[in-house]
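Let's take a walk through a protein structure together. Have a look at the view below, turn it around a little, and then read on.

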Number of protein chains: 4
Amino acid sequence: MLNNIPGRQFNLNVSHWFNTEKEHQISDFEGKVVVIYVFQMLCPGCISHGLPLAKNIQQSFRADDVQVIGLHSVFEHHDVMTPKALQAFIHEYRLTFPVAVDKPSQHSHLPETMKAYQFGGTPTILVIDQHGRLRLNHFGTINELQLGAIIGSLLEENEPLQRNENNSIEDTSQSGCDENGCSI
Amino acid sequence: MLNNIPGRQFNLNVSHWFNTEKEHQISDFEGKVVVIYVFQMLCPGCISHGLPLAKNIQQSFRADDVQVIGLHSVFEHHDVMTPKALQAFIHEYRLTFPVAVDKPSQHSHLPETMKAYQFGGTPTILVIDQHGRLRLNHFGTINELQLGAIIGSLLEENEPLQRNENNSIEDTSQSGCDENGCSI
Amino acid sequence: MLNNIPGRQFNLNVSHWFNTEKEHQISDFEGKVVVIYVFQMLCPGCISHGLPLAKNIQQSFRADDVQVIGLHSVFEHHDVMTPKALQAFIHEYRLTFPVAVDKPSQHSHLPETMKAYQFGGTPTILVIDQHGRLRLNHFGTINELQLGAIIGSLLEENEPLQRNENNSIEDTSQSGCDENGCSI
Amino acid sequence: MLNNIPGRQFNLNVSHWFNTEKEHQISDFEGKVVVIYVFQMLCPGCISHGLPLAKNIQQSFRADDVQVIGLHSVFEHHDVMTPKALQAFIHEYRLTFPVAVDKPSQHSHLPETMKAYQFGGTPTILVIDQHGRLRLNHFGTINELQLGAIIGSLLEENEPLQRNENNSIEDTSQSGCDENGCSI
């Protein structure tokens with residue numbers, strides 16, 4: 001599932017950033033696992049499952065452990081998927097993580113980062129390890145258990161997870177059965 | 001999320017097994033992460049989300065890495081949630097992983113394993129590490145990304161994941177956009 | 001979709017009722033459309049989509065217009081899908097509409113009502129018109145728009161729908177966009 | 001649910017049509033029930049539930065009975081939700097029903113049809129009866145059973161539904177239980 005030889009450093013080639021005041025480099029996130037959600041605003045699968053997944057990753061892990069970044073890699077309908085249209089999209093979909101515009105190419109309909117790392121299309125999920133190396137480059141739908149396992153193993157890889165004394169993930173106080181389950 | 005001091009060995013106290021010819025001990029699965037799905041056949045939340053999750057875990061990981069076990073911990077309606085009824089349930093729901101009946105208690109409405117480890121109710125998900133120690137005891141719904149991360153970190157803990165040269169999780173060959181995404 | 005010649009009166013052949021003090025006849029519901037949800041408590045499809053549909057019908061129409069009835073038509077695992085087990089099921093799944101036990105046959109594994117009207121299996125949805133005639137006998141999943149249209153046309157058939165002055169179905173007070181939509 | 005006094009004729013005020021060679025008037029659909037799905041291409045709720053509903057209506061009823069029309073009523077982000085962007089959207093989302101652009105107003109951010117009929121926002125569902133009169137004007141999510149009932153009652157209103165001899169909605173040939181149900 002993961003790259004055996006995680007040698008290659010990953011770099012973004014970006015023309016514009018939203019939701020951040022800084023022009024980020026991947027090296028800014030040294031020590032974190034970085035998950036990059038590659039999308040196009042008019043791609044149906046990006047909206048229906050890629051976007052909820054990106055939001056879910058942002059909510060499921062501590063900000064100190066995992067950084068989510070959106071990458072708008074436009075390879076079709078360039079005239080209508082402009083940065084200005086993307087800005088309206090980010091507003092309407094309430095995205096709060098940093099979103100980068102993949103740099104348009106002079107010579108290709110594919111933008112620069114997409115071309116450099118040979119993304120299969122959109123949505124694509126990239127996972128970058130704590131040392132900035134590309135470890136997963138996955139096009140299409142993805143199993144959340146498997147993606148969670150990849151993130152969990154990368155977090156464990158160098159520095160074991162911080163653990164709580166408590167072993168419950170969330171508090172659930174119920175009595176009797178309801179649609180979620182039956183409590184004692 | 002996980003137990004900081006994973007000292008306690010986990011043991012099942014079982015009166016009957018289905019889908020296996022062997023009376024299992026947790027020690028049979030040394031070297032694997034064991035996920036135990038604790039349920040009751042008449043518990044709505046067990047059917048609607050616990051069961052699909054248990055099947056998904058079974059399908060998402062290699063059988064050499066992760067072992068799924070069902071544990072029928074009956075604490076109500078004992079007269080109708082019998083082993084015979086459970087057998088019909090296992091048949092109708094097409095369960096293929098081993099399913100154990102938590103041993104009924106002489107002195108309590110709670111069965112023995114449930115009582116010993118203080119499960120909060122059903123469904124409960126237990127995660128046992130490669131050395132047979134209980135690391136997660138979670139009652140109610142659970143986030144798949146977080147559960148995947150726990151399993152991934154436990155797999156990495158002692159023995160890093162086997163990795164493929166290839167970094168794609170599944171093959172997706174598409175051209176143009178469809179409901180899953182847009183390929184180049 | 002509907003029977004062209006809706007001649008046949010429908011009758012239940014029942015051994016036991018739950019959630020009602022009366023031994024109902026279909027003629028008790030003269031003037032209402034009656035929807036009968038035929039199920040078995042250990043039938044996976046009955047739980048996953050038949051049951052939510054039955055509850056949805058109960059909530060979507062006025063009690064004066066549409067009556068929902070459950071019919072437990074057991075044709076397998078007779079020894080464990082007993083009235084006592086059904087009672088626990090009704091309690092756990094919070095069913096509030098009347099539920100009838102289809103009368104077991106002396107000579108067949110099929111119960112009497114199921115045999116008489118040749119249900120295809122479970123779940124089956126039956127729709128009875130305002131005069132007690134069987135108009136739909138549908139086995140398996142069903143499209144809610146189409147089922148709604150059948151119920152709507154039967155309600156209109158004899159006595160046009162009571163209409164409100166107001167044409168909104170539910171109040172929605174929002175400002176700006178949220179996940180449900182964008183208000184002015 | 002429906003207008004008691006269905007007096008008002010409905011008219012579209014449109015600047016451009018897609019997926020049709022004709023500049024339609026509602027009167028073109030005399031004898032059919034017309035369902036109009038009012039949306040904006042950057043409205044999240046329009047994409048997540050309005051659009052699947054519009055496609056479902058198109059597939060659930062005969063083209064001779066029910067006509068689905070999309071109406072792009074832009075009241076925000078006018079500079080990026082242009083007809084050209086809408087054309088790309090229609091292509092990517094594989095819409096095959098006629099889509100009209102609600103005519104922009106000179107004096108308001110609300111387009112003309114939206115303003116004339118006081119739509120609450122997007123998505124809105126309009127239902128027009130067989131004589132061109134507006135019968136439902138509903139903003140936000142909508143219950144499919146209830147919407148189906150409205151369509152069914154309007155189809156029945158003037159001209160009873162064509163009925164088949166057969167009372168099954170779709171063929172389902174199964175043996176034993178599967179996730180959809182249990183057949184005899």
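How do the residues of the lining of the largest cavity divide into nonpolar, polar and charged? Keep that question in mind while we find the place. What you see is a predicted model. The structure holds three cavities of 30 Å³ or more, and the largest cavity contains about 50 Å³ of space. Chain A contributes A:Met41, A:Leu42, A:Ile47, A:Phe89 and A:Tyr93 to the lining of the largest cavity, and chain D contributes D:Met41, D:Leu42, D:Ile47, D:Phe89 and D:Tyr93. Now for the answer: ten of the lining residues are nonpolar, while no polar and no charged residues take part. How can such a space be found at all? Rolling a probe the size of a water molecule over the atoms shows where empty space is left.

One of the lining residues, A:Phe89, leads us to a helix. A:Phe89 is among the buried residues of helix α2 (residues 83-92) of chain A. The others in that helix are A:Ala85, A:Leu86, A:Ala88, A:Ile90 and A:Glu92. After α2(A) comes A:Arg94, which has a positive phi, near 55°.

Let's step back and look at chain A as a whole. Chain A has four helices and nine strands. Starting from the N terminus, you meet its elements in the order β-β-α-β-α-β-α-β-β-β-α-β-β. Of the 184 residues in chain A, 59% count as buried. Among the contacts in chain A with a separation of 6 or more, 72% are between residues 24 or more positions apart.

A single residue makes this easier to picture. A:Val14 sits in strand β1 (residues 14-18) of chain A. Is A:Val14 buried or exposed? Its relative accessible area is 19%, and buried means under 20%, so A:Val14 counts as buried. Beyond its neighbours within four places in sequence, A:Val14 is in contact with A:Leu71, A:Ala100, A:Val101 and A:Lys103. A:Ser48, on the other hand, is 34 residues from A:Val14 along the chain, and the C-alpha atoms of the two are separated by 25 Å.

Next, let's turn to the strands. Strands of a sheet pair through backbone hydrogen bonds, either parallel or antiparallel. One open sheet here takes strands from two chains: its three strands follow the order β5(A)-β9(B)-β8(B), with antiparallel pairing. The edge strands are β5 (121-122) of chain A and β8 (176-178) of chain B, each of which pairs on one side only. Two bridges connect β5(A) with strand β9 (residues 181-183) of chain B. To see where the chains meet in this sheet, find A:Thr122, whose bridge partner in β9(B) is B:Cys182.

Chain C offers a hairpin to compare with that sheet. Strand β6 (residues 124-128) of chain C and β7(C) run antiparallel and are joined by five bridges. C:Leu126 stands opposite C:Asn137 in β7(C). Five residues lie between the strands of this hairpin, and C:Gly132 takes a positive phi near 85°. Strand β7 (residues 134-139) of chain C is mostly covered, with six of its six residues buried.

Finally, how do two of the copies relate to each other? Chain D can be laid on chain B by a turn of 180° and a shift of 0.0 Å along the axis, with an RMSD of 0.0 Å. The two copies are therefore related as by a two-fold rotation axis. Both copies use the same surface: 100% of the contact residues of chain D recur in chain B.

Definitions and conventions: Residues numbered from 1 in each chain as written. Chains lettered and ligands numbered in written order. Predicted model: local features only at pLDDT ≥ 70, side-chain atom pairs only at ≥ 80, totals over all residues. Heavy atoms only, no water. Buried < 20%, exposed > 50% of the residue type's maximum accessible area, 1.4 Å probe, protein only. Contact = heavy atoms within 4.5 Å. 1 Å grid on protein atoms, 1.4 Å probe; cavity = no way out; pocket = protein on both sides within 12 Å on 5 of 7 lines; lining within 4 Å. Points joined across faces, edges and corners; volume = space filled by probe spheres on them. Nonpolar A, V, L, I, M, F, W, Y, C, P; charged D, E, K, R; others polar. Pairing = 2+ DSSP bridges. Least-squares fit on C-alpha atoms with pLDDT ≥ 70 in both.
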